[in-house]
Amino acid sequence: ITGISPGKHEVEISFEGYDSYLQITKIKNGKESLISATLQRKKGSLMLISNPSNAVIYIQGKKSGKTPSTITDLTPGNYSVELLLDDYQAWSEKTDIVPGEEVTVNAELQVKPGLISVTSKPSDAKILIDGREAGTTPETFKDIDCGAHTVKLMMEGYCDWSENVEVKPNKESSLTAVLQEMAGSVSIMSKPSKAMILIDGNEVGTTPAIVGDLSPGAHTVNISMDGYKVWSQSVEIDTKQQNELTALLQETTGSV
């Protein structure tokens, strides 16, 4: 640059994406002044926000505070960002830092799933979770969404079993079910009525009566009444239907 009057002058060198270079130089008559400038690229910044907040920030694998936070003086380029928070899945993303600008990143953190462990006595019961068939006992289910769930067990010959469970992040909820055998019933009448009923030797009432809570299988029914012979019969209890018995009592004979 020629035609500059002697004396002190301020020289500024600027280039897009780089910090300006300033220097005071003294111009002398008939002499050439040389200025050499090494321009520095402008720094960028990164604003990190997460929901929920207070997640630990890692930039290029280096811990850099907690959200929300602004990371400054970053050399332009591509950076890996990772956020970690207890009970939440790790969040990561690649982002470009632009010279002289602030980049904002919003992270929506996802809760870690939980586990449900289900056992039963007897085992091999069908498992339904929220109404959907999921397997048979014993079984452990991973990646269960956190919150309330209904676990139901079904097995032929046994009463259905169900329970509500609250699944928590990264925790295992254990359920143990003791299944109850289905009960059957039998309707018992006699002629005459008001006779005593014994089932398997246990007094259960007088005729007519419906006797419930009987385990499936064979049972012995005895009907007795003063002045009449004891009436006895074996009955097979089925949970799917109610048995019916009618006892025709015979008067006892005497002698003279």
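This report covers the overall form of a predicted model and one of its sheets.

## Overall form

The protein chain has 23 strands and zero helices. Its radius of gyration is 43 Å, whereas the globule rule gives 18 Å for 256 residues, so the chain is more spread out than a compact globule. The box around its C-alpha atoms tells of the extent along each principal axis: roughly 165 × 25 × 20 Å.

## Burial, surface and contacts

Of the 256 residues in the protein chain, 29% count as buried. The exposed area of the chain is about 16600 Å². Carbon and sulfur atoms contribute 45% of that area.

Contacts were also sorted by distance along the sequence. Among contacts in the protein chain with a separation of 6 or more, 44% link residues 24 or more positions apart.

## A four-stranded sheet

Strands of a sheet pair through backbone hydrogen bonds, in either a parallel or an antiparallel way. Here, four strands build an open sheet with antiparallel pairing. Their order is E12-E11-E14-E15. Strand E12 (132-136) and strand E15 (161-167) are the edge strands, and each pairs on one side only. From one strand to the next, the twist averages 30 degrees.

## The E11–E12 pairing

Strand E11 spans residues 126-129. Four bridges join E11 to E12, and the two run antiparallel. Within this pairing, Lys-126 stands opposite Thr-136 in E12. E12 is an edge strand of the sheet, and E11 follows E12 in the strand order.

Definitions and conventions
Residues are numbered from 1 along each chain as its sequence is written. This is a predicted model: local features need pLDDT of at least 70, side-chain atom pairs count only at pLDDT 80 or more; totals for chains, interfaces and linings use all residues. Side-chain values use heavy atoms; hydrogens and water are left out. Two strands pair if DSSP finds at least two bridges between them. Axes are lines fitted to C-alpha atoms, for helices over the stretch in contact, and angles run from 0 to 180 degrees between N-to-C directions. The radius of gyration is taken over C-alpha atoms; the globule rule is 2.2 Å times the number of residues to the power 0.38. Buried means under 20% relative accessible area, exposed over 50%, partly exposed in between (1.4 Å probe, protein chains only). Contact means heavy atoms within 4.5 Å. Accessible areas come from the Shrake-Rupley method with a 1.4 Å probe; for residues, only the protein chains shown count as cover.
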